Amino acid sequence: MAQLKVDTEPGEVGIDGTRLQRVDSHFRRYVDDGRLAGWTIAFARRGRVVHLSHYGLADIEAQRPVADDTMWRIYSMTKPITSVAALMLVERGAIELTDPVSRYIPAFADARVYVSGSAANPGTVAATEPVRVWHLLTHTSGLTYGWHHAHAVDEMYRAKGFEFGAPRGMDLAGACEVWAGLPLLFQPGTEWNYSVATDVLGRVVEVASGKSLDAFFAEEIFAPLGMQDTAFSVAPEDLDRLAALYVPNPAGGLTRNSAMGDNATRTPTFLSGGGGLVSTAADYHRFTQMLARGGELDGNRLLGPHTVAYMARNHLPGGADLDQVGRPMFSESPYRGVGFGLGFSVVVDAAQGKAITHDGEYAWGGLASTAFWVDPAADVTALFFTQLMPSSTYPIRPQLRTLINQALLD
């Protein structure tokens, strides 16, 4: 099991220890007033772990506190891992970023694009260019999620059983066949829409590598990085380490979401590269350190530094930000100045976004309010783990970013 320990004093890495105390004091209030059950916060600077804290409960009903080895559903923080897997194959020549997805999933050869009508009777036109691998990495493919509830195509996904996850018994290959037969929201490469694109990318990884996605992750990423507690489900002997999943109770406090939470206790048929992993703070810290070090950790290199830098550039059409080309959930001002790279968001203009951070910071989070970021300018990596869905319930991520950056002295 990977270990995560504080290994330096704040002053040794240019951090004001007194100001740093604001981080925990602020987020303790989230637990004390019942908004969160518990959390883990960790961040490092210059490769040294400067802060690690836990507070509250991993399981309210069992009165089990958050601990070093607590396991968390990371949901969409799976996406950067799948993106790294794909870029590893790009570096080996097994995949090209410009490859049509139909090279790996032939059903995508006949993609159609929605232009009008209802979910029951949509009007479509042929795609003007193929859905390509880079469209999947950047969420510019025209695919969607059923849970958006914002478009007729979203409704079509739900009608096929895709709101959260896949219909019972369906595997990743089968899901991709269904998605390929549904209309795209827009012409590939013209807009941004958060979607099942990274799940499709996971299938591309399977076909290109000849390995199932869980095997590729375990052999090519988790083993080299020492991420022994990251997988698509929790082993029976580790169930007492898994944090419970909660939603806000309108009457106050939290309600346990066993319907979704229990999915992590079973080996899935559908291997979701877009949201299926469970991990620990120690494991995901090792993943972020690999990125921060340009693709290498402890002598194990997954990617070249130029590839990591390329991933962390804005790849949205015309150099736009998410406020300009994103739909539907990212068309509001909090995403001004934020673009999207190959697998995660990228700050392109911190002033536009009114966020105390630096241009070049790349990040993503998960449905249950988990988050990470890597800030090359400040040489900082940060992690936040809790289990509250949806992630839009509270402004945890911008608050944590401000509280960490206000403690930096250089």
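This report describes the overall dimensions, the strand pairing and the helix packing of a predicted model.

## Overall dimensions

The protein contains 13 helices and 18 strands. Along the principal axes, its C-alpha atoms fill a box of roughly 60 × 45 × 40 Å. A compact globule of 410 residues would have a radius of gyration near 22 Å, and the 20 Å of the protein agrees with that value.

## The eight-stranded sheet

Eight strands form an open sheet with antiparallel pairing, in the order β3-β2-β1-β18-β17-β16-β15-β14. The edges are taken by β3 (64-65) and β14 (338-340); each has a single partner strand, so one side of each is left without a neighbour in the sheet.

Within this order, β1 (residues 38-45) and β2 (residues 48-59) run antiparallel and are joined by eight bridges. One pair of facing residues consists of arginine 45 and, in β2, arginine 48. The two strands form a hairpin with two residues between them, and arginine 46 in the turn has a positive phi of about 55°.

The pairing continues from β2 to the edge strand β3 through two bridges, again in the antiparallel sense. Here aspartate 59 has arginine 64 of β3 as its bridge partner. Four residues lie between the strands of this hairpin, where glutamine 63 adopts a positive phi near 55°.

Elsewhere in the sheet, five bridges connect β17 (residues 371-375) with β18 (residues 380-385), and the pairing is antiparallel. Phenylalanine 372 is placed opposite leucine 383 of β18.

## The β5-β6 hairpin

Strands β5 (residues 112-117) and β6 (residues 122-126) form an antiparallel pair over five bridges. A hairpin of four residues links β5 to β6. Tyrosine 114 faces threonine 124 of β6 across the pair.

## Packing of helix α6 against α2

Two packed helices are described by the angle between their axes and the distance between the axes. For helix α2 (residues 79-91) and helix α6 (residues 197-209), the axes come within 9 Å and cross at roughly 35°. This crossing of α2 and α6 is left-handed.

On the α2 side, the contact involves Lys79, Thr82, Ser83, Ala85, Ala86 and Leu89, which meet Thr198, Leu201, Gly202, Val205, Ala208 and Ser209 of α6. The contact residues comprise six nonpolar, five polar and one charged.

## Packing of helix α6 against α5

Helix α6 also packs against helix α5 (residues 172-180), at an angle of about 125° and with the axes 10 Å apart. Since angles from 65 to 115 degrees count as roughly perpendicular and those over 145 as roughly antiparallel, α5 and α6 are therefore oblique to each other. The crossing of α5 and α6 is left-handed.

In this contact, Leu172, Ala173, Cys176 and Trp179 of α5 meet Asp199, Val200, Gly202, Arg203 and Glu206 of α6. The residues divide into five nonpolar, one polar and three charged. Gly202 of α6 appears in the contact with α2 and in the contact with α5.

How values were computed:
Residues are numbered from 1 along each chain as its sequence is written. This is a predicted model: local features need pLDDT of at least 70, side-chain atom pairs count only at pLDDT 80 or more; totals for chains, interfaces and linings use all residues. Side-chain values use heavy atoms; hydrogens and water are left out. Two strands pair if DSSP finds at least two bridges between them. Axes are lines fitted to C-alpha atoms, for helices over the stretch in contact, and angles run from 0 to 180 degrees between N-to-C directions. A crossing is left-handed if the near helix is turned anticlockwise from the far one by less than a right angle, and right-handed if clockwise. Contact means heavy atoms within 4.5 Å. Ala, Val, Leu, Ile, Met, Phe, Trp, Tyr, Cys and Pro count as nonpolar, Asp, Glu, Lys and Arg as charged, and the others, Gly among them, as polar. Angles under 35 degrees count as roughly parallel, over 145 as roughly antiparallel, 65 to 115 as roughly perpendicular and the rest as oblique. The radius of gyration is taken over C-alpha atoms; the globule rule is 2.2 Å times the number of residues to the power 0.38.
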